[in-house]
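User: I should like to learn how to read helix packing and aromatic pairing in a protein model. Please begin with a helix.

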Amino acid sequence: MPAADVARTLSGRTPFERRLAVLGPDRDALISALAAPETAPNAVLGEAGSGRTVFVFPGQGTQWTGMALELADTEPEFAARLDACAEALAPYTDWSLREVLADGTALARVDVVQPALFAVMVSLAALWRSYGVHPDAVVGHSQGEIAAAVVAGVLTLTDGAKTVALRSRAIGRSLAGKGGMVSVAADEPTLHDLLDNHPGRVGVAAVNGPASAVVAGDPEALDALLADCDARGLRARRLPVDYASHSAPVEEIRDELLAELAGVRPAPGEIPLLSTVTADFVDGTAMNAEYWYRNLREPVAFDAATERLLRTGHTLFVETGPHPVLTAGIEGTAADAGLPVSTVGTLRRGEGGRGRMHAALAEAWVAGADVDRTALTGPGRRAELPTYPFQREHYWLPTPGRTAAGTPQQAPDVLYRTEWHALPDQDAQTPLDDWAVVVPDGGHPLVAALPGPVTTDACLENLTGRVAGVLSLLPPADTPALLRALETTGVQAPLWCLTTEAERDPEQAALWGLGQVAGLEQPERWGGLVDLPADLDDTVVRRLRTVLGGTESQVKVRADGVRARRLVRAPQATPPAERWAPGRVLVRGAEGPLATGITGWLERHGAEGVRVSADPAAPPEPGERTVIQVAPAEPPAGPVTEAVPSVPAEPHGTMETFVLLHPLSGVWGAARQAAATARCASLAAHTARLRDRGVRAVTVAVGGWEPQAPAETPVSTDTMMAAVRRAVERDEPTLIVADVDWNRIVSAVSTPRQLDLISELPEAAPQEHEDDLARRLSALPEADRRRALLDLVTEQASAALGHHTPGALPPDAPFADLGFDSLLAVQFRNRLCAATGLSISPTVVFDHPTPTALADHLHGELLAEPDPVAPVLAELDRLERTLGQMPVVDEISTRLHTLLRRWNERIAPADAGELGSASADELFDLLDNNFGSA
């Protein structure tokens with residue numbers, strides 16, 4: 001079969017999560033890549049993510065002579081947009097766009113290179129979109145933000161061309177030749193320490209990643225800074241610009257820019273734009289002349305902007321420029337934050353044609369982008385192929401509750417629920433004398449039973465002395481202020497929040513939603529949540545004091561015992577007494593495919609009629625017996641300290657059955673989702689109240705609704721509605737339907753307490769995996785281990801460089817001399833991560849600059865002996881925390897002194913013997929000689 005026919009046929013097959021793309025001009029090249037995809041330079045392996053896509057537009061410095069001209073000759077979409085940019089630039093320039101793209105001398109001028117880069121980036125974005133890859137957000141670095149604004153729809157192409165042309169002209173006329181810029185590989189503390197040696201002459205111009213920054217200043221000061229970096233062993237290089245943007249000299253052209261750009265009319269935009277001026281999403285209408293001055297004057301907050309995008313569910317970053325320079329910073333920010341990311345460049349220096357574009361599309365596709373593969377395959381013929389060979393095991397329900405053959409079948413293994421599990425009684429009670437108790441203005445019944453200082457001031461301004469813990473009786477609306485106060489006052493003590501009968505009190509339930517998010521965002525400060533009964537007695541107070549010294553973070557205290565909240569598998573369901581007949585149904589709060597899917601399921605399962613309303617408060621009409629309320633996923637907002645929790649109105653109307661559907665984050669919280677989680681918890685409490693009034697009311701939490709939750713695979717609407725049917729027919733108050741990657745959940749938490757909720761799920765138990773590579777290496781002699789690792793390094797380096805002969809790489813040659821730039825360094829690092837299973841820094845080729853040095857580093861990471869001290873120190877930390885929550889007891893003090901004495905005897909038995917036999921005069925001489933006299 002011709003290669004074109006193979007490509008065309010495969011383009012119509014179902015894409016899976018693990019993907020491979022191979023590129024080549026003929027059959028032999030494709031077969032060669034398929035035979036060894038791990039090391040073939042024309043093969044791209046990857047795992048598709050489910051997050052959102054960002055187009056990243058770099059600043060000046062990515063240009064090269066001839067950039068994109070080959071693409072302009074082969075891609076009509078790109079050529080048309082490039083010509084449109086040339087037309088928009090024409091009123092403000094005296095040169096031809098295509099001519100200057102081929103002229104290295106012209107591209108050295110700031111008033112040429114910036115408009116030229118703008119045109120190339122805007123045109124590349126159009127080309128990506130023509131292949132089906134559309135951005136969910138855009139971000140731009142320095143002048144790249146002008147291109148981002150055009151692609152987002154904030155600026156028209158005419159206004160974007162005007163802005164970049166007139167601004168670069170002002171730079172060339174007034175600032176060129178008076179300054180310069182230097183990139184420095186240093187973290188923030190090191191950078192500020194470096195700049196302290198050059199006060200007033202050099203400043204931070206951009207922070208691109210955790211260890212990547214750019215500084216600007218006058219040429220002489222930059223020379224001194226480069227020498228300082230060399231003496232400290234810091235990587236630094238001067239950038240090819242002769243002006244100091246993002247620094248004080250820009251202020252002299254402010255008035256000129258405001259006047260020149262006064263006619264720019266920004267619009268709200270169609271695509272979210274993350275500003276690198278504010279490090280937040282920006283209202284497009286604010287991107288006026290003043291904004292574009294600030295964009296040039298203020299430091300580029302690219303690192304903070306990247307983290308904001310990562311934390312809002314964006315996982316694929318496509319650098320839309322002639323050469324990628326920001327991928328290393330993006331990878332570094334993601335690694336520092338512990339968040340997944342995939343980065344893709346577009347063109348590269350010297351590679352500006354269709355072949356390079358196709359390679360970029362392949363990289364994006366294996367990372368999860370929705371590439372229109374039929375646009376890539378050309379005129380090939382689609383061949384008929386057999387279906388995939390399934391193993392005939394059912395993982396979903398063709399008809400809920402039954403197989404296709406009609407025999408009963410259990411629901412898919414995605415059903416869970418929460419339960420309260422009894423904890424053993426504890427005798428140790430936490431002393432509360434040095435705890436701060438924060439209460440609302442109206443007081444609280446528990447206050448009389450607590451000895452600690454009581455305050456109604458959520459700002460904690462009147463606290464004095466040591467605070468061992470903070471006990472909050474505040475409502476949810478006041479809790480974010482208390483969390484802010486703990487930050488600003490520096491109180492290093494656990495915060496515990498108390499509620500009363502929260503499961504049926506919407507306001508109290510909101511506090512549980514808020515608290516779960518606080519536990520995720522601030523684990524070092526978080527104590528936990530405790531729910532108390534309405535009637536307090538001495539037994540309840542005693543049990544509360546034991547809980548405050550324990551390790552559980554979600555607890556219910558009652559007179560008959562203490563229970564901890566647990567997520568468990570839902571038991572296998574018995575056949576219902578009767579099937580659910582929905583009757584006439586109101587579906588409210590749902591839109592789009594979700595509403596369509598729910599409606600279709602209901603119509604197939606006996607509904608007499610379905611009415612859909614996007615209004616979550618739409619009242620049921622007469623005769624509508626069932627109400628399905630959807631609390632949709634919400635985009636991430638600010639941290640819990642900025643949340644404004646609200647209690648939604650109680651569901652109203654006359655109904656027989658009420659179903660609440662909400663995202664899985666409503667069960668266990670999600671970072672930057674405090675207000676949304678609080679609302680879900682409140683709605684669940686409202687639903688529980690409806691049950692008390694005789695309504696058949698159930699709550700079903702659904703996994704996979706939130707794109708920023710990569711551990712959750714979306715469940716189908718049929719699976720979700722099968723869970724709803726089970727809950728209604730069996731009168732189960734709450735149910736969870738979710739397909740969760742528990743290993744990913746476990747690996748993402750920062751403290752074991754965050755796993756308390758899922759601690760009884762066997763599949764969520766932390767596992768120790770012996771690495772296959774480490775096991776294979778450990779069986780080899782020492783010299784063979786190092787040789788095997790050196791071979792692995794050179795193979796993967798060769799593949800990243802596009803070589804077919806790994807042995808051609810000298811083992812002691814610096815990676816920089818072999819051709820590695822920041823982009824290749826990231827790609828090489830990704831290959832090493834896949835090959836070794838290690839978490840490797842994006843700057844690994846700079847930290848370990850030769851194949852031999854890197855192989856030695858990997859040897860230490862893979863085969864290092866376990867540190868015997870670390871677990872002992874962890875036990876001492878745990879003991880210290882426990883002792884800090886207990887009163888001083890003589891028996892414990894004696895035991896600790898005895899333990900320390902025995903340890904000291906092991907350290908220096910000879911010295912101990914000498915001291916034991918020393919006279920009083922000898923002891924005083926020893927003290928004088930070693931410690932001096934007072």
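Analyst: In α10, the residues A221, L222, L225, D228 and C229 are buried, where buried means under 20% relative accessible area, exposed over 50% and partly exposed in between, with a 1.4 Å probe and protein chains only. Helices (H or I, at least four residues) and strands (E, at least two) are DSSP runs, numbered from the N terminus. This is a predicted model, in which local features need pLDDT of at least 70 and side-chain atom pairs count only at pLDDT 80 or more, while totals for chains, interfaces and linings use all residues. Residues are numbered from 1 along each chain as its sequence is written, and side-chain values use heavy atoms, with hydrogens and water left out.

User: Why do the buried residues of α10 lie on the same side?

Analyst: An α-helix has 3.6 residues a turn, so residues three or four places apart point the same way. Here the buried residues of α10 cover an arc of only 115° around the axis, which puts them on the same side; the arc is that of the directions from the helix axis to the C-beta atoms. On the other side of α10, E220, D230 and A231 are exposed.

User: Against which elements do the buried residues of α10 pack?

Analyst: Contact means heavy atoms within 4.5 Å. The buried residues of α10 pack against β5 (180-184), α9 (188-195), β6 (202-209), β7 (212-217) and β8 (236-238).

User: What is found at the ends of α10?

Analyst: At the N-terminal end, D218 acts as a cap, with a side-chain oxygen 3.2 Å from the backbone nitrogen of E220. Just after α10, G233 takes a positive phi of about 80°.

User: How should aromatic pairs be read, and how many are there?

Analyst: Rings of Phe, Tyr and Trp (its six-membered ring) pair if their centres lie within 6.5 Å; planes under 30 degrees apart count as stacked, over 60 as edge-to-face and the rest as tilted. By this rule the count comes to nine aromatic pairs. The rings of F815 and F820 have centres 5.3 Å apart and planes at 85°, so this pair is edge-to-face. For F815 and F828, the centres are 5.5 Å apart and the planes at 50°, so that pair is tilted. F815 lies in helix α27 (residues 815-818) and F828 in helix α28 (residues 822-836), so the pair ties together parts 13 residues apart in sequence.

User: Are F815 and F828 buried or exposed?

Analyst: F815 counts as buried at 1% relative accessibility, and F828 counts as buried at 0%.

Technical notes
A polar contact is a pair of N or O atoms within 3.5 Å; within protein, one must be able to donate a hydrogen and the other to accept it, and residues adjacent in sequence count only if both atoms are side-chain atoms.
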